[in-house]
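Trainee: I would like to go through this model with you, one question at a time.
Mentor: Good. Have the chain on screen and ask away.

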Amino acid sequence: SIKFNTEMATLPVEQARAIFTQTVVAIYQERIAVNSFLRSFFPTVESLGLAIQFEVQRGTELMAVDVIRGHQGNYNAVSRSTQKSFIPPYYREYIAATELELYNVTIGSANEGGVVSSQLFAQLVDQIASEVRLLVAMIERRYEYQCAEVFQTGIVTLKNGDNIDYKRKSGSKVNFSGTAPWDNDANDPFAHFETGCTFIREEGKSQAGVFTAILGRKALTALQNNEKYLKKGDNRNVFLTDMHEPQRNSTGASLHGQISAGSNKINLWSYPEIYEEKNGVKRPYIDDTNVIIVPEVTNFKMAFGAVPQVIDGKETPTVKKGAFVFGDYIDRRKATHEFDVMSAGVAVPVAVDQIFTMKVLV
């Protein structure tokens, strides 16, 4: 945490206010949490501008055709990807530090010389940093939800209705619940896994030999109780040390072993984490009846644009780059000292056809 000069028992009020933000940010960075599980599939990229550019890639496996010597050659289009540019959704959460009892005690401790207790100031900074971490966690949960939307529907929903539709192919979202649910022992989950891996291989042009499957709560139970699964009994132990690093270091998921489906190896994960809506309703990120399949090594991004920031009440905004941008503002008219966190990010499935979603129960 931030170190203060132990020989200096007091700190000038103006100096204290000037270093609030930098100390809060420094403490936050020391305590930064690891990514949640879904977010771990989307490494961070940052843009200097408000808008981000990305390409949704759809490749082919065409072979070259020989030509006679002296022929001008076969013409090829420059790109088979679709480039898009847009301003990502913007999030801003803030607290009023002046509502904290310790804030008022610290500022109230100033003597006639305009200095405050360094010890109280250090405690206050630590408390504000903890509050700011909660704000960051709120925004991170939204990004985790974005990743869940990409995996399940391919559409990132926004409050203003300007939803981001990545146009996933219909063949990447299959409903087996009516025709071949997993809670019916006559149905074969291994065939469904193979169907998903085949789609990712043929449509997504993935060369993965190992895949990741994320199972909803009820889907996992149905798989574990399915007669064909029990009879095959080939679920091998696999350890976190064998996993791809982002997933190995993430939080919230449980690894349940590795199965084979056709020529494919599939690591089975559950992710029972939930989020809470403002009305108090708690919902899972992954629908209980869904199964998501992706390659073990993915080509997805969490893209962050810059955020506008008004500094010290000035009318002309500046732009700051970063996944999270921190600020503090003093409004003397309202007698408040506010700390905020701003972020403008969106989950981008660059290799959009390397996601397969199946609903396996009613």
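The questions below go from the whole chain to single strands, helices and loop residues.

Trainee: What average pLDDT does the chain have?
Mentor: This is a predicted model, so confidence comes first. At least 70 is the score reached by 87% of the residues. The chain averages a pLDDT of 86.

Trainee: Which stretch has a pLDDT below 50?
Mentor: Where pLDDT is low, the predicted coordinates should not be read in detail. The stretch in question has 7 contacts in the model beyond near neighbours in sequence. The pLDDT is below 50 over residues 1-8.

Trainee: How many helices and strands does the chain have?
Mentor: The chain has 362 residues, and 45% of them count as buried. Among contacts with a separation of 6 or more, 75% are between residues 24 or more positions apart. The secondary structure comes to 7 helices and 22 strands.

Trainee: Is strand β12 largely enclosed or open?
Mentor: Strand β12 covers residues 264-270. Of its 7 residues, 6 are buried. The rest of the structure therefore surrounds it, and β12 is largely enclosed.

Trainee: Which strand runs parallel to β12?
Mentor: Look at residues 210-215, joined to β12 by 6 bridges. In this pairing L215 stands opposite S270. The parallel partner is β10.

Trainee: Which residue of β12 is the bridge partner of S260?
Mentor: Strand β11, residues 254-261, pairs with β12 in the antiparallel sense. The pairing runs over 6 bridges. The bridge partner of S260 is K265.

Trainee: Which residue takes a positive phi in the hairpin of β11 and β12?
Mentor: This hairpin has 2 residues between the strands. The phi in question is near 65 degrees. The residue is G262.

Trainee: What is the strand order in the open sheet of 3 strands?
Mentor: The pairing in this sheet is mixed. β2 (44-46) and β21 (345-348) stand at the edges, each with a single partner strand, so one side of each has no neighbour in the sheet. On average, neighbouring strands are turned by 25 degrees against each other, direction ignored. The order is β2-β16-β21.

Trainee: Which residue of β21 is the bridge partner of M302?
Mentor: Strand β16, residues 301-304, runs antiparallel to β21. The two are joined by 4 bridges. M302 has as its bridge partner A347.

Trainee: Which helix lies across β16 and β21?
Mentor: Look at residues 118-152. That helix runs at about 25 degrees to β21. The helix is α3.

Trainee: Within what arc do the buried residues of α2 fall?
Mentor: Helix α2 spans residues 101-108, and its buried residues are L102, Y103 and T106. Seen down the axis, these residues line one face of the helix, because their arc is narrow enough at 105 degrees. The face turned away carries the exposed residues E101 and G108. The arc asked for is 105 degrees.

Trainee: Is S206 buried or exposed?
Mentor: S206 lies in the loop between α4 (189-202) and β10. Beyond its neighbours within four places in sequence, S206 is in contact with I200, R201, P295 and Q354. A polar atom of its side chain lies 3.1 Å from the backbone nitrogen of A208. The relative accessible area of S206 is 6%, so the residue is buried.

Trainee: How does K205 count at 27% relative accessibility?
Mentor: K205 is also placed in the loop between α4 and β10. Its phi is near 60 degrees, a positive value in a residue other than glycine. Buried would need under 20% and exposed over 50%. At 27%, K205 therefore counts as partly exposed.

Trainee: What is the relative accessible area of A335?
Mentor: A335 is found in the loop between β19 (325-331) and β20 (336-343). Phi of A335 is positive, near 55 degrees, in a residue other than glycine. A335 is exposed, with a relative accessible area of 58%.

Trainee: What is the relative accessible area of Q247?
Mentor: Q247 is placed in helix α7, residues 245-248. Beyond its neighbours within four places in sequence, Q247 is in contact with F37, S40, F41, W269 and E296. Q247 is buried, with a relative accessible area of 5%.

Conventions
Residues numbered from 1 in each chain as written. Predicted model: local features only at pLDDT ≥ 70, side-chain atom pairs only at ≥ 80, totals over all residues. Heavy atoms only, no water. Buried < 20%, exposed > 50% of the residue type's maximum accessible area, 1.4 Å probe, protein only. Arc of directions from axis to C-beta. Pairing = 2+ DSSP bridges. Polar contact = N/O pair within 3.5 Å; in protein donor to acceptor, adjacent residues only side chain to side chain. Contact = heavy atoms within 4.5 Å. Axes fitted to C-alpha atoms, helices over the stretch in contact; angles between N-to-C directions. pLDDT = per-residue confidence, 0-100.
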